[in-house]
Amino acid sequence: VVLAGFVLRLRRGDGTYLNADEAMIMFAPWQASLSGVLQSMLAHPHGPIPNLLLHYITVISSSELVLRMPSILAGALIPYVVYRWGSDVFDKTTGLLAAIILAFSPAMINLSAQLRFYMLQMFFMVVSLYSLDRAFRQKSTVWMRRSGLYMLLAFLCEYITILMIGACGIYSLIRILRKELPAKVVREWVISQVGMALVLAATYWLHLQRLRGSGGEQFARDGWLKNSYFHANAQSLAAFLGSATKALFEYV
């Protein structure tokens with residue numbers, strides 16, 4: 001299943017030139033020096049890991065397929081992680097069905113075959129959630145540490161991961177208050193939360209605050225992503241939440 005999903009993503013990624021969004025994403029990685037990459041990425045609301053990865057990939061090749069390969073590989077591996085997770089929690093049949101759905105989902109295939117950062121982010125998020133679940137089931141400090149590390153990597157791919165960090169934090173806190181973990185595992189969780197909070201604060205200070213009020217933000221809010229933002233002067237909050245939820249489920 002994983003191999004078939006990889007082949008589908010590979011064929012899809014090899015079939016087209018970079019579109020306008022992909023070309024814009026490559027603006028930061030395609031700098032002559034590492035300092036140039038770090039300076040250029042400040043104009044875009046994406047994390048540093050994919051930018052640095054693509055920067056070093058350009059040393060090897062500039063073909064569309066090679067540049068898309070991190071996304072293709074991440075998208076192909078997600079079904080395997082979900083298979084392991086489903087098999088551990090339920091049974092192998094459940095894990096296999098979940099893997100099949102993710103491996104052959106048209107939305108997942110299309111997104112995996114594009115030069116975007118979402119598949120890397122999703123891969124790290126899925127591994128983090130799997131690790132968190134194992135940490136609770138096995139009362140393991142090692143798996144709790146891995147969960148925090150992979151969630152941090154997901155955040156450093158795409159900053160919107162902060163929503164998942166908050167959700168997982170609330171979920172974990174509820175289970176901790178129910179006394180489901182020994183003190184040493186709780187201590188590991190607290191350390192990971194403090195570490196993520198420090199990285200989030202540093203990211204905001206060094207990168208995100210520079211985007212507030214910028215031309216890029218204004219162009220997204222009033223232009224190509226207008227429907228994704230809440231405009232208080234033109235719609236109610238209930239209407240926005242309804243249309244945004246409908247659009248999300250239609251996409252999936």
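**Exercise 1.** Is Tyr 130 buried or exposed?

*Solution.* The model is predicted. Take the relative accessible area of Tyr 130: 6%. Buried means under 20%. Tyr 130 is therefore buried.

**Exercise 2.** Classify the ring pair of Tyr 130 and Trp 143, then place it in the chain.

*Solution.* Step one: the ring centres of Tyr 130 and Trp 143 are 5.8 Å apart, and pairing needs centres within 6.5 Å. Step two: the planes stand at 70 degrees, so the pair is edge-to-face. Step three: Tyr 130 belongs to helix α8 and Trp 143 to helix α9, so the pair ties together parts 13 residues apart in sequence. Step four: Trp 143 has 15% relative accessibility and counts as buried.

**Exercise 3.** How many aromatic pairs are there, and how is the pair of Phe 124 and Tyr 150 arranged?

*Solution.* The count is six aromatic pairs. One of them joins Phe 124 and Tyr 150, with 6.3 Å centre to centre and 25 degrees between the planes. Planes under 30 degrees apart count as stacked, and this pair is stacked. Phe 124 is in helix α8 (residues 118-138) and Tyr 150 in helix α9 (residues 141-155), 26 residues apart. Phe 124 is buried at 14% relative accessible area, whereas Tyr 150 is partly exposed at 26%. Phe 123 joins Phe 124 and Tyr 150 in one aromatic cluster.

**Exercise 4.** Which ring does Arg 146 lie over, and which ring does the charged end of Arg 175 sit over?

*Solution.* Arg 146 lies over the face of Trp 143, 4.5 Å from the ring centre. For Arg 175, the charged end sits over the ring of Phe 136, at 4.3 Å from its centre.

Note on methods: Residues are numbered from 1 along each chain as its sequence is written. This is a predicted model: local features need pLDDT of at least 70, side-chain atom pairs count only at pLDDT 80 or more; totals for chains, interfaces and linings use all residues. Side-chain values use heavy atoms; hydrogens and water are left out. Rings of Phe, Tyr and Trp (its six-membered ring) pair if their centres lie within 6.5 Å; planes under 30 degrees apart count as stacked, over 60 as edge-to-face and the rest as tilted. Helices (H or I, at least four residues) and strands (E, at least two) are DSSP runs, numbered from the N terminus. Buried means under 20% relative accessible area, exposed over 50%, partly exposed in between (1.4 Å probe, protein chains only). A charge sits over a ring if NZ of Lys or CZ of Arg is within 6 Å of the ring centre and within 35 degrees of the ring normal.
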